Amino acid sequence: MFGTIIEFSRYFVILLFGAGIAVSLARMAPTQKNRLVFWCYIITVYILQIICLYFWGMDKSLKMYPVICHLPIIVFIIVYLKRSLLISLTSLFVSYQCCQLPRFFGTVAGAISGSVSMNHAVYVLAAFPLYCFLKKYVIEPARHLMERSAKSCLLFGAMPAFYYIFEHATTVYTGFLYSGTRPAVQFTPFLAATFYFAFVLLYCAETQKQALIQRERDMLDSQLKQAQTEFASLVQMQQNAAAYRHDMRHHFTLLQGLALNENIEEIKEYLRTAQADIDAITPVRFCENETINLILSSYAARAKQSEVLLEVDAKLPEELPFSDTELCSLLSNALENAINASKKIPDINKRIIRLRLYEKNNKLCMDIRNSYHIEPAFHQGVPVSDEPGHGYGTRSMVHTIEKYGGVYQFSIRDGWFIFQTTAG
């Protein structure tokens, strides 16, 4: 009687241990409702398991265990926790492998004592501290690997999945693993070593890929911060222009004094200086949008310094569906790339940039084309650069456009490098 109680206690602990690890990996929130639903699920499956044992016996119930216990937890994770099939299967396979930890301790204790009841008892006793250990130290890193990407989840779940299939094929549905033959003994370490090295190689490749993505993300963040700084500088320039206009009465007073004294040359020199100061800080108005005016004013000055002719046709309203910093990042990167390409042309008369900005169906439309000296290379339709530190501006532009559900195209036509986009 006592042995039967211990045995059935083990069945319940196995179910609770495995299902608990699986739903934890699937990120079940520890709410009162979730706990209640989970316990209802455990009790229902346990009752179903006892019924199967009663009518079919141990051997047949063991073969039906994947349908009785494993399939329901997959359905529970998909239907109730709303997780993907990949996450559900990986959670099951990993939890199944975790169940081998208390089983090992139980098997060792049973072999030493020669008692099946000791096997069951040690399994039950070992399950609780092992569950706490896994919850504290293993679950969160495992979640990170599973949720990082589909490929990472596949890499992480490949070994547990194969172990699940291998054990059922060699111990549940056949006795191959326990046959004692040399191939049976060597097969398990061979598979373990193969999967170990395959996992290490593939995971290293995935880690390097993720590190590259992170570096690019950091560079894009840096580009955005640079755009924010540049936009703040442009705003300050606009404020300086406003202050200068406000102080015009002081200039008029000084000029009036010089005129009364008939100091014509001093008046001329003062006017030249004042005009230069005003031109330096006053943004040119290209359209109704102040942000666009500030950016274009700044890059018109840069183009002039680089002896590049910048032709602008801007017809934009006061409001656009972009934040100021994202608009600054998009337009600044496009203009900076165009100026850098054009200023390399030896013939100054051929350094030309033509920019057209307009609104259509509440979307920002941009057509910017520039002459170039060296034809750029393309990768998947996007220009790339082999110069260190270059190419991030283009990626930043693409990122901003895709964020707003826009479309874009880079092309070469009739000696012009052309960038066209519609976004908003």
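# Briefing: helices, two cores and a mixed sheet

The chain holds 14 helices and seven strands. The model is predicted. Of its 424 residues, 39% are buried. Two separate nonpolar cores are described here, one of 48 residues and a second of 35. Five of the strands form an open sheet.

**Whole chain**

- The accessible surface of the chain is about 24500 Å². Carbon and sulfur atoms account for 63% of that surface.
- Among contacts with a separation of 6 or more, 70% link residues 24 or more positions apart.

**Largest nonpolar core**

- The largest nonpolar core has 48 residues. Within this core, Phe17 and Ile73 touch the most other members.
- Helices H1 (2-25), H2 (32-63), H3 (65-79), H4 (85-98), H6 (116-137), H7 (139-148) and H8 (150-172) each supply at least two residues of this core.
- Helix H1 gives the most, with 10 residues.
- Leaving aside residues up to four places away in sequence, Phe17 touches Cys98, Cys99, Pro102, Ala127, Leu130, Tyr131 and Leu134.

**Second core**

- A separate core is made of 35 residues. Its members include Cys328, Leu331, Ile353 and Leu357.

**Five-stranded sheet**

- The strand order is E1-E2-E3-E7-E6. The sheet is open, and its pairing is mixed.
- Strands of a sheet pair through backbone hydrogen bonds, in either a parallel or an antiparallel sense.
- E1 (309-315) and E6 (407-413) are the edge strands. Each has a single partner strand, so one side of each lacks a neighbour in the sheet.
- On average, neighbouring strands are turned by 10° against each other, direction ignored.
- E6 pairs with E7 (residues 416-423) in the antiparallel sense. Seven bridges join this pair.
- Phe410 stands opposite Phe419 of strand E7.

**Helices across the sheet**

- Helix H12 (residues 290-305) lies across E1 and E2 (352-360). H12 runs at about 170° to E1.
- Helix H13 (residues 324-342) lies across E1, E2, E3 (363-370) and E7. H13 runs at about 10° to E3.

Key: Residues numbered from 1 in each chain as written. Predicted model: local features only at pLDDT ≥ 70, side-chain atom pairs only at ≥ 80, totals over all residues. Heavy atoms only, no water. Core = buried A, V, L, I, M, F, W, Y, C linked by side-chain atoms within 4.5 Å. Buried < 20%, exposed > 50% of the residue type's maximum accessible area, 1.4 Å probe, protein only. Helix = DSSP H or I, 4+ residues; strand = E, 2+ residues; numbered from the N terminus. Contact = heavy atoms within 4.5 Å. Areas by Shrake-Rupley, 256 points an atom, 1.4 Å probe, with all protein chains shown as cover. Pairing = 2+ DSSP bridges. Axes fitted to C-alpha atoms, helices over the stretch in contact; angles between N-to-C directions.
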